[in-house]
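Student: Let's take a close look at one part of this model. Please give me one connected walk through it, with the cut-offs where you need them.

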Amino acid sequence: MTATIIDGKAIAEQVIEKVKHRVTKLQQQGITPGLTVVLVGEDAASQTYVGSKERTSKRLGMNSTVIQKPSSISEQELLEIIQELNAAPDVHGILVQLPLPKHIDENKVLQSIDPQKDVDGFHPLNVGKLLLDQQGFIPCTPFGIIQLLDYAGISIEGKHAVIVGRSNIVGKPMGQLLLNRHATVTYTHSRTPNLKDFTTQADILIVATGQPSMITGEHIKPGAAVIDVGIHRDSDGRLSGDVAFDSAKDVAGAITPVPGGVGPMTIAMLMENTCLSAERQAE
Ligand code: NDP
């Protein structure tokens, strides 16, 4: 058996097309959704991500601004920039690209963002709303994975979803979203003994560990849907994920590739969240 490849790039394009229509509608009311990304330091991966976020928002006709600051910026200066953005009526989405330099308290910065402009969904208020299944902002990567599953026709209700990884930005919100969609959810992490005992029970297996190719065909229940969140670049510039694709695809029923799986969806959902923020403010 060879798994169906879930084409994240094509699905992201469909999401982006829908957002584009919504942006046009807002523009007819005189509103242009605006996203401001704050980038601190010179991290190469962060610069690449910010670049593609900027390109995609411009493609959609949204206003896109990147505020780039050196890693020597003080926490206070950064907090002041965020206060200004919170007060700016033409800014609908604020995103602080992580990681931040060590001398800056990440939690303090994320908590200073107006929850109504928190398009990354990392503010505690939005985290709480996700837990309560209330309307807020959903973090882009797990939100994008739900869309991938829906577009690929993979049902969630009643399924056993196993998440490998419990980070605040991927693993934890992912499990909560799947629970809200009536899956039975198991979280696993680096202290989970006999990981395979859990992963082989998954109808839907989400892998977000940052460990290259750690999940192989042996970890997978035949026919399962496997979502690979990991992104790794080798010395030749080739990208791969947390799942060993060649071995996994012979066992899984459906699988996301890297690149072209979860990555494009993360950006598409950022556009969706920014548009949503502008729509809410227009109401
Ligand atoms: P973190 O490093 O924050 O979290 C990794 C999680 O994986 C932790 O919970 C850790 O457990 C767990 N883990 C690590 N090693 C193992 C192991 N051997 N067995 C089981 N669990 C393990 O990573 P992120 O969640 O931020 O990111 C994960 C990956 O996804 C990275 O490769 C990142 O680049 C990628 N990513 C991709 C995105 C996209 O758009 N495609 C967006 C965000 C991230 P513990 O808690 O016990 O330490």
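Tutor: A crossover is called right-handed if, with the strands pointing away from you, the path from the first strand over the helix to the second runs clockwise. Helices and strands here are DSSP runs numbered from the N terminus (H or I, at least four residues; E, at least two). With that in hand, strand β5, helix α7 (residues 171-180) and strand β6 make a right-handed β-α-β unit. Bear in mind that this is a predicted model: local features need pLDDT of at least 70 and side-chain atom pairs count only at pLDDT 80 or more, while totals for chains, interfaces and linings use all residues. Residues are numbered from 1 along each chain as its sequence is written, and side-chain values use heavy atoms, with hydrogens and water left out.

Let's start from the unit and work outwards. Strands β5 (residues 160-164) and β6 (residues 184-188) run parallel and are joined by 5 bridges; strands count as paired if DSSP finds at least two bridges between them. One such bridge links His-160 to Thr-184 in β6. On the way from α7 to β6, the connecting loop holds His-182. The phi of His-182 is positive, about 70°, although His-182 is not a glycine. With a relative accessible area of 51%, His-182 is exposed (buried is under 20%, exposed over 50%, partly exposed in between, with a 1.4 Å probe and protein chains only).

β5 also has strand β7 (residues 204-207) as a parallel partner, through 4 bridges. There, Val-164 stands opposite Val-207 of β7. After β7, the loop leading to β8 (225-228) contains Ser-213. Ser-213 is another non-glycine residue with positive phi, near 50°; because its relative accessible area is 33%, Ser-213 is partly exposed.

Now for the whole sheet. The sheet is open and has 6 strands in the order β1-β11-β8-β7-β5-β6, with parallel pairing. β1 (4-5) and β6 each have a single partner strand, so one side of each is left without a neighbour in the sheet.

Moving to β11 (254-255), we find Thr-256 in the loop that runs from β11 to α10. Thr-256 counts as buried because its relative accessibility is 1%. The side chain of Thr-256 reaches the backbone nitrogen of Asp-228 at 2.9 Å. That is a polar contact, a pair of N or O atoms within 3.5 Å; within protein, one must be able to donate a hydrogen and the other to accept it, and residues adjacent in sequence count only if both atoms are side-chain atoms. Pro-259 sits in the loop between β11 and α10 too, and a cis peptide bond with omega of about 0° joins Val-258 to Pro-259.

Helix α10 (residues 262-282) brings us to the ligand: α10 gives the largest share of the surrounding shell, 3 residues. The shell has 22 residues, the closest being Arg-166, Ser-167, Ser-190, Val-229 and Thr-266; a residue is near if one of its heavy atoms lies within 4 Å. For the polar pairs, a polar side-chain atom of Arg-166 is 2.7 Å from a ligand oxygen, and a side-chain N or O atom of Thr-266 is 2.8 Å from an oxygen of the ligand. Ile-231 takes part through a polar backbone atom, 3.3 Å from a ligand oxygen. The ligand taken alone exposes 930 Å², of which the protein buries 70% (Shrake-Rupley areas with a 1.4 Å probe).
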